[in-house]
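Biologist: I am new to this structure and would like a close look at one part of it. Please set the scene, then take me through that part step by step.

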Amino acid sequence: MYRTIICAIGMGSRETATRLLRRAAALVDEGGSIVVMHVIENIPRHHLADIPEEFETTAIIEAERKLVALCKELAVPATVEVRIGVAASLLVSAARERSADLILLSSHVTDITDYVFSSIVDKVVRHAGCSVLIDRRPGQAQEDAALF
């Protein structure tokens, strides 16, 4: 169905990550590719003095390790990429860079910040140049242990 899928794995649960990876594997064309992306949001500059220098490097390595292990466990052939920045912008950019034809991501339980600042999903849907599939799962707030 799709040649290149950007599968966005956020800070949600392992169950959500597993569901997204399995869905991506089911939707990708034979010979197609899946890029699993995790974005570590920028840390405001005024907080950087309180954070050890190696924080970003450690966070990237740990996220990559967990995502590679999960892909291997599920037998989902994928490239894992972890970036630091603004999640919605980086997902849209990654899709453009790779000429992706689908961005797959999960929604979360809406809270007040989504109404004030807009959610990552809203921003991706508005700015993506390709199809966007939003995984919605009732009861997501009660899912299992977090992946990150």
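How many helices and strands are there in the chain? After that, please look closely at strand 1 and what surrounds it.

Modeller: A word of care comes before the tour: this is a predicted model. The chain holds five helices and five strands. From the N terminus, the elements run β-α-β-α-β-α-β-α-α-β. The chain has 148 residues, and 41% of them are buried. It exposes about 8600 Å², with 55% of that supplied by carbon and sulfur atoms. Now take contacts between residues at least 6 apart in sequence: 79% of these join residues at least 24 apart.

Next comes the sheet. Its five strands form an open sheet in the order 3-2-1-4-5, with parallel pairing. Strand 3 (79-85) and strand 5 (131-135) are the edge strands, and each of them pairs on one side only. On average, neighbouring strands of this sheet are turned by 25° against each other, direction ignored.

Here is strand 1 itself. It covers residues 2-8. Five of its seven residues are buried, so strand 1 is largely enclosed by the rest of the structure.

Look at its two partners in turn. Strand 1 runs parallel to strand 2, and six bridges join them. One place to find this pairing is Ile5, whose bridge partner in strand 2 is Ile34. Strand 1 also runs parallel to strand 4, through three bridges. Ile5 serves here too: it stands opposite Leu102 in strand 4. The link from strand 1 to strand 2 goes by way of helix 1 (residues 14-27), and these three elements make a right-handed β-α-β unit.

Now pick out Thr4, which lies in strand 1. Thr4 has a relative accessible area of 11%; this is under the 20% cut-off, so Thr4 counts as buried. Which residues does Thr4 touch, leaving aside its neighbours within four places in sequence? They are Ser33, Arg98, Ser99, Ala100, Asp101 and Leu102.

Follow one of those contacts, Ser99. Ser99 sits in the loop between helix 3 (87-97) and strand 4. Its phi is positive, at about 55°, although Ser99 is not a glycine. With a relative accessible area of 48%, Ser99 is partly exposed.

Step back from Ser99 to helix 3. The buried residues of helix 3 are Ala87, Ala88, Leu90, Leu91, Val92, Ala94 and Ala95. Those buried residues pack against strand 1, strand 2, strand 3, strand 4 and helix 5 (120-127). Strand 1 is thus among the elements that helix 3 packs on.

Beyond strand 4 comes the edge. Strand 4 (residues 102-106) runs parallel to strand 5, joined by five bridges. In this pair, Ser106 stands opposite Asp135. Helix 2 (residues 55-74) also packs on the sheet, where it touches strand 2 (28-41) and strand 3. The direction of helix 2 makes about 150° with that of strand 3.

One more loop deserves a look. Ala75 is placed between helix 2 and strand 3. Ala75 has a positive phi of about 55°, and it is not a glycine. Is Ala75 buried or exposed? Ala75 counts as exposed, at 62% relative accessibility.

To return to the part you asked about: strand 1 is largely enclosed, with bridges to strand 2 and to strand 4.

Methods
Residues numbered from 1 in each chain as written. Predicted model: local features only at pLDDT ≥ 70, side-chain atom pairs only at ≥ 80, totals over all residues. Heavy atoms only, no water. Helix = DSSP H or I, 4+ residues; strand = E, 2+ residues; numbered from the N terminus. Buried < 20%, exposed > 50% of the residue type's maximum accessible area, 1.4 Å probe, protein only. Contact = heavy atoms within 4.5 Å. Pairing = 2+ DSSP bridges. Axes fitted to C-alpha atoms, helices over the stretch in contact; angles between N-to-C directions. Areas by Shrake-Rupley, 256 points an atom, 1.4 Å probe, with all protein chains shown as cover. Right-handed = clockwise from strand over helix to strand, strands pointing away.
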